[in-house]
Amino acid sequence: MSDVEICNRALQKIGAEARITSLDDDTKEARECGRAYDPVRRAALRLHPWNFALARASVASLSVAPAWGYAHQFPWPADALRILRVDGDGTGAEWRVEGHRVLSDGGGPLNVLYVADIADTALFDSQFREVCAHLLAIELAEPISQSNTKKQILRDELGALLAGATRADAQEGTPESLPEDAWIVARA
């Protein structure tokens, strides 16, 4: 499914009769889709750590330390939309995202698990495509169909769609075991 097909799916969801053949078409629908598609795609990617969009990188510490609070700062990977997990030098050091930097007391290199900015629709999960089309339909509902009612209906449907898609996506792999809480260990 291409970006145009995702846009046409969104147009179908809002009841638009017109379809597009390109985001560069000289129609209101194509202009609105072209304006909204990339921001909506990026927002949809940030909603959940979709398996198809996960990436790993090892990043070196920047030469300038933060002004206070942490010993080191690290750059975001260039294609990162959301940092999920950081594993420093094995010390279990705390970390925090500020701006487009990862701050940590752990030395480098810093291993980072993140959601990447995937634009190639051939790599998209089928349920992600549907979530993306649904979010796009919400964005297009008012400018294309002039219907706030349709927009609200789509918003109401989004929760169930997103819950099902993220639940299925999360079941692909071995569940992560959570570390034992010190309070529970002390009671044993």
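The following exercises, each with a worked solution, concern one helix, two sheets and the cysteines of a predicted model.

Residues are numbered from 1 along each chain as its sequence is written, and side-chain values use heavy atoms, with hydrogens and water left out. Because the model is predicted, local features need pLDDT of at least 70 and side-chain atom pairs count only at pLDDT 80 or more, while totals for chains, interfaces and linings use all residues.

**Exercise 1. Describe the geometry of helix H2 and state what covers its buried residues.**

Step 1. Helices (H or I, at least four residues) and strands (E, at least two) are DSSP runs, numbered from the N terminus. H2 spans residues 28–47, 20 residues in total.

Step 2. From first to last C-alpha, H2 reaches 28 Å, close to the expected 28 Å; the expected span is 1.5 Å times one less than the number of residues.

Step 3. At Tyr37, shortly before the proline Pro39, H2 has a kink of about 40°. The bend is the angle between axes fitted to the seven residues ending at a residue and the seven starting there.

Step 4. Buried means under 20% relative accessible area, exposed over 50%, and partly exposed in between (1.4 Å probe, protein chains only). Tyr37 is itself among the buried residues of H2, which also include Glu29, Glu32, Cys33 and Arg41.

Step 5. The cover over these buried residues includes helix H1 (3–13), strand S3 (80–87), strand S6 (110–116) and helix H3 (126–145).

**Exercise 2. Determine the strand order of the sheet that contains S3 and S6, and place H2 relative to these strands.**

Step 1. Two strands pair if DSSP finds at least two bridges between them. The sheet is open, with three strands in the order S1-S6-S3 and antiparallel pairing.

Step 2. S1 (54–59) and S3 are the edge strands; each has a single partner strand, so one side of each lacks a neighbour in the sheet. From one strand to the next, the twist averages 30°.

Step 3. S3 and S6 run antiparallel and are joined by six bridges. Val86 has Val112 in S6 as its bridge partner.

Step 4. H2 lies across S3 and S6, at about 20° to S3. Axes are lines fitted to C-alpha atoms, for helices over the stretch in contact (heavy atoms within 4.5 Å), and angles run from 0 to 180 degrees between N-to-C directions.

**Exercise 3. Work out the pairing in the sheet of S2, S5 and S4.**

Step 1. This open sheet has the order S2-S5-S4, with antiparallel pairing. Its edge strands, S2 (72–75) and S4 (95–98), each pair on one side only.

Step 2. Four antiparallel bridges link S2 to S5 (residues 101–104). Across this pair, His72 stands opposite Ser104, and Phe74 has Val102 as its bridge partner.

Step 3. S4 and S5 are also antiparallel, joined by four bridges, and Arg96 stands opposite Leu103.

Step 4. The hairpin of S4 and S5 has two residues between the strands, and Gly99 there takes a positive phi near 60°.

**Exercise 4. Explain why Cys33 and Cys132 form no bond with the closest cysteine sulfur.**

Step 1. A disulfide is a pair of cysteine sulfur atoms within 2.5 Å. The structure holds zero disulfides.

Step 2. The closest cysteine sulfur to that of Cys33 belongs to Cys7, at 3.9 Å, which is too far for a bond. Cys33 is buried, at 0% relative accessibility.

Step 3. For Cys132, the closest cysteine sulfur is likewise in Cys7, 8.0 Å away and too far for a bond. Cys132 is buried, with a relative accessible area of 0%.
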